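Here is a short briefing to read alongside the model. Have the sequence and the 3D view open, and take it one topic at a time.

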Amino acid sequence: MSHLDHTPSTPGKFKIDKSPYYSRTRWHSSVAKLTLWSFLFVAIIFLFFYRSPSSSSNNPPSSDPSRRYLASATWGGAAWEKRVRTSARIRSRNGFSVLVTGAAGFVGTHVSSALKRRGDGVLGIDNFNDYYDPTLKRARQALLERSGVLIVEGDINDVALLKKLFDMVPFTHVMHLAAQAGVRYAMQNPGSYVHSNIAGFVSLLEVCKDANPQPAIVWASSSSVYGLNTKVPFSEKDRTDQPASLYAATKKAGEEIAHTYNHIYGLSLTGLRFFTVYGPWGRPDMAYFFFTKDILKGKSIPIFEAANHGTVARDFTYIDDIVKGCLGSLDTAQKSTGSGGKKKGPAQLRVFNLGNTSPVPVTDLVSILERLLKVKAKRNVMKLPRNGDVPYTHANISYAQKEFRYKPTTDLQTGLKKFVRWYLSYYGDKKAAVR
Ligand SMILES: O=C(O)[C@H]1O[C@H](OP(=O)(O)OP(=O)(O)OC[C@H]2O[C@@H](n3ccc(=O)[nH]c3=O)[C@H](O)[C@@H]2O)[C@H](O)[C@@H](O)[C@@H]1O
């Protein structure tokens, strides 16, 4: 047996003299094994990405640690299509067919349910990420399912899925509420804000502009776009070029992106600047929610104060008032003017403040919770950290008032009472509520 017999065809990469025990048989079997394993590896990767039409893009890019989806969702098939169509079917005269993104979210659930109640067709989409407890999102999903609203599990970055939905249903409107929310979390996980609030919004608009008919779009911006603005109350005409957090910056970017798609493609777009929305089925990352939990637990709560012991206050807005604002916006949204990616004429472009118009100091919010819960809070007053928070918000709502008679009717005391009642019933009892 010559040395050459053991030498592979790419000399220099395999040095036989360093492997004296290497026999021809072992070499051949290793090559065979290597080929087999390589084939299996490629096959597994292939299966992973192409197993279902959605799985390729439902899952986040691995470079984005933010998106912690619990399962790779699947969609498609005759039964699934039937459920989609049934959910989106209009049941009232002149009703809409609305795609609600972020339907398992706080505002998304309430808006979907209100639309369904009045006879509109509603289809939800949500990626059920675990930014906060996904069991709460699943409970909201179950609630909606009981009223006939299906939530498709998927990400708004999944263009193939969105296209499929538009192929099946000629949506008249999109209520776009899917977003990475939260002001302070943006410092921990900036990528998730870019992923959902910018890339996701663009994916959605790309599909909407190609749709025929193009839907009218109403979407959630934020009061945070006013950033360091000091002129109060905040009016839509005030400057919004000084965001104090990346969250605010991505919402502001959304407003500019909306302008572009309106300008180029004739999409009808309405942005809603929500002011600190609260209520039953709310978001556990928000202060009123985790203050309730921590007060019941006997844990101290951090209460921020502005410079020189200044008051930090919010124009807290009750969820039912926000729902009225969302429906008013949908009802007054004009049709998009383009079709199949081509603009045919100028289209509507609006931005509304949806607030309560009566800011309340955070210390008063805590006092109301103490009375409702009948527990004294352990207050830990501290300087407002430099984490994106602004000291004060106050909405001027005259534009929404003029356009669709927007008029909030729930004060903080009344709204928190409803929240606490829900909180205690949802978590069973006080003991379960603090776990
Ligand atoms: O209005 C909005 O657009 C925004 O409202 C809320 O943001 P924020 O007003 O900061 O609501 P919370 O996080 O619930 O904070 C409420 C108040 O409690 C204060 N706070 C918060 C957390 C804390 O530990 N202590 C504390 O005093 C905050 O400074 C703020 O004044 C939402 O979280 C955002 O998603 C939304 O876009």
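Helix 5 and helix 11 lie oblique to each other, because oblique covers angles that are not under 35 degrees (roughly parallel), over 145 (roughly antiparallel) or 65 to 115 (roughly perpendicular). This is a predicted model, in which local features need pLDDT of at least 70, side-chain atom pairs count only at pLDDT 80 or more, and totals for chains, interfaces and linings use all residues. Numbering starts from 1 along each chain as its sequence is written.

**The helix pair**
- The axes of helix 5 (residues 106-117) and helix 11 (residues 319-332) come within 10 Å and cross at roughly 60 degrees; axes are lines fitted to C-alpha atoms over the stretch in contact, with angles from 0 to 180 degrees between N-to-C directions.
- Helices here are DSSP runs (H or I, at least four residues) and strands likewise (E, at least two), numbered from the N terminus.
- Val107, His110, Val111 and Ala114 of helix 5 meet Ile319, Ile322, Val323, Cys326 and Leu327 of helix 11, contact meaning C-beta atoms, placed from the backbone, within 7 Å.
- Eight nonpolar, one polar and no charged residues make up this contact; nonpolar means Ala, Val, Leu, Ile, Met, Phe, Trp, Tyr, Cys and Pro, charged means Asp, Glu, Lys and Arg, and the others, Gly among them, are polar.

**Around the ligand**
- The ligand is surrounded by 19 residues, and the closest are Ala181, Ser222, Met286, Ala287 and Phe304 (C-beta atom, placed from the backbone, within 6 Å).
- Strand 8 gives the most to this shell, with three residues.
- The shell divides into twelve nonpolar, five polar and two charged residues.

How values were computed:
Two residues are in contact if their C-beta atoms, placed from the backbone, lie within 7 Å.
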